Amino acid sequence: MFTGRVRRSGKLRSVWHKRERKRRPQDLPTIDAVPPTTSLVTRSRYNLSEADWLCRSPDTMIQCLATLTSDRLLSFHMTTQAVERKLRLFYCACCRLRWAALPSDEARQTVEVIERHADGAANRDEWAAARRRILLFERAARRLGRVWLIPPEMRATADLTGLIVEAAKPHRSLQCVYGRAGWSVDATERIALLLEIFANPFHPIAVEPTHITGTVQALARTIYSERMFDLMPILADALMDAGCGTPQIIDHCRGPAAHTRGCWVLDLLLGKS
Ligand SMILES: [Zn+2]
């Protein structure tokens with residue numbers, strides 16, 4: 001019995017090709033036979049709902065934002081650009097919570113530039129310089145992330161460096177499901193910041209244009225630009241004087257939660273969404 005390998009050459013090869021050509025259409029699966037995609041990534045990114053937002057997990061909440069930007073029925077009230085701006089400010093706010101632990105003054109300056117860039121206030125030169133630094137931070141964070149046997153404080157520094165990179169490239173957070181930086185900031189603090197910046201993105205709250213008086217607008221602008229967030233209760237008084245009685249807005253201004261740039265009430269009043 002012949003057991004050697006048959007080299008498909010010449011006439012034999014042409015016969016084989018002819019036979020394969022005839023068989024291929026029958027062997028290929030039809031469109032109906034292709035199973036629907038059920039990978040974890042797809043389910044996590046596109047099938048999340050308000051209940052997932054309320055589950056209070058920072059990673060799941062960011063996945064909800066990815067849902068918002070990818071679902072055309074949900075994205076009408078919050079564009080991808082708006083989500084990315086707010087996400088940028090969220091990561092900057094995380095960095096501010098660990099301001100003293102950031103690796104260098106350069107890192108702190110970079111966070112400040114990214115904050116200004118989020119609002120279109122950074123000039124071209126300083127943003128170009130920040131981008132060069134971010135590239136170095138990205139390499140450093142990746143290099144440290146690969147090493148397992150490093151002291152915990154160095155690992156935390158690498159994570160904070162990664163946070164700056166996430167702030168510079170917020171679209172990456174919306175695309176990847178796992179491996180985001182930020183574990184060095186407590187989950188409760190990150191949740192509080194996400195609520196401060198996004199509130200409930202599945203149920204956006206509107207404000208009557210007539211309630212945004214000159215006084216309200218000037219006060220909101222000062223609070224935002226000067227970071228004078230302790231004036232938020234006064235802003236609530238000004239809003240009530242203007243006739244605004246929306247409890248979510250007033251409660252947010254008077255509540256105990258810390259405010260930051262990207263605060264959903266300030267964004268609403270300043271038209272930054
Ligand atoms: Zn706020």
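# A guided tour of an all-helix chain

Begin by selecting residues 232–241, which form helix α12, together with residues 247–254, which form helix α13, and you will see two helices that pack at an angle of about 150° with their axes 7 Å apart. Because an angle over 145 degrees counts as roughly antiparallel, α12 and α13 are described as roughly antiparallel to each other. To see where they touch, show the side chains of Met232, Pro233, Leu235, Ala236, Leu239 and Met240 in α12, which meet Ile249, Ile250, Cys253 and Arg254 in α13. Sorted by class, this contact of α12 with α13 has 9 nonpolar residues, no polar ones and 1 charged residue.

Before moving on, keep in mind that what you have open is a predicted model. Now show the whole chain as a cartoon, where the secondary structure comes to 14 helices and 0 strands. If you colour the 273 residues of the chain by burial, the buried ones make up 32%. Contacts can also be sorted by separation along the sequence: among those between residues at least 6 apart, 62% join residues at least 24 apart.

Next, select residues 58–70, which are helix α4, a run of 13 residues that reaches 19 Å from its first C-alpha to its last, close to the 18 Å expected at 1.5 Å a residue. Is this helix largely enclosed by the rest of the structure or not, judging by how many of its residues are buried? Of its 13 residues 10 are buried, so α4 is largely enclosed by the rest of the structure. The residues to highlight as buried are Pro58, Met61, Ile62, Gln63, Cys64, Leu65, Ala66, Thr67, Leu68 and Thr69.

From there, turn to a second pair of helices, α5 at residues 80–97 and α10 at residues 187–198, which pack at an angle of about 140° with their axes 10 Å apart. At that angle α5 and α10 are therefore oblique to each other, and their crossing is right-handed. Select Lys86, Leu89, Phe90, Ala93, Cys94 and Leu97 in α5, and then look across to Glu189, Arg190, Leu193, Leu194, Ile197 and Phe198 in α10, which they meet. By class, the contact of α5 with α10 has 9 nonpolar residues, no polar ones and 3 charged ones.

A third pair is found by selecting residues 105–118 for helix α6 and residues 152–168 for helix α8, whose axes come within 10 Å and cross at roughly 20°. That angle makes α6 roughly parallel to α8, and the crossing of these helices is left-handed. The contact is made by Ala107, Thr110, Val111 and Ile114 of α6, together with Thr161, Ile164, Ala167 and Ala168 of α8. These residues of the contact of α6 with α8 divide into 6 nonpolar, 2 polar and no charged.

For the last stop, pick out alanine 129, which is found in helix α7, at residues 124–146. Alanine 129 is partly exposed, with 14 other C-beta atoms within 10 Å; a residue would need 20 or more to be buried, and 12 or fewer to be exposed. Finally, draw a distance from the C-alpha of alanine 129 to that of valine 113, since these residues are 16 apart in sequence and 9.6 Å apart in space.

Conventions:
Residues are numbered from 1 along each chain as its sequence is written. This is a predicted model: local features need pLDDT of at least 70, side-chain atom pairs count only at pLDDT 80 or more; totals for chains, interfaces and linings use all residues. Helices (H or I, at least four residues) and strands (E, at least two) are DSSP runs, numbered from the N terminus. The expected span of a helix is 1.5 Å times one less than its number of residues. Axes are lines fitted to C-alpha atoms, for helices over the stretch in contact, and angles run from 0 to 180 degrees between N-to-C directions. Angles under 35 degrees count as roughly parallel, over 145 as roughly antiparallel, 65 to 115 as roughly perpendicular and the rest as oblique. Two residues are in contact if their C-beta atoms, placed from the backbone, lie within 7 Å. Ala, Val, Leu, Ile, Met, Phe, Trp, Tyr, Cys and Pro count as nonpolar, Asp, Glu, Lys and Arg as charged, and the others, Gly among them, as polar. A crossing is left-handed if the near helix is turned anticlockwise from the far one by less than a right angle, and right-handed if clockwise.
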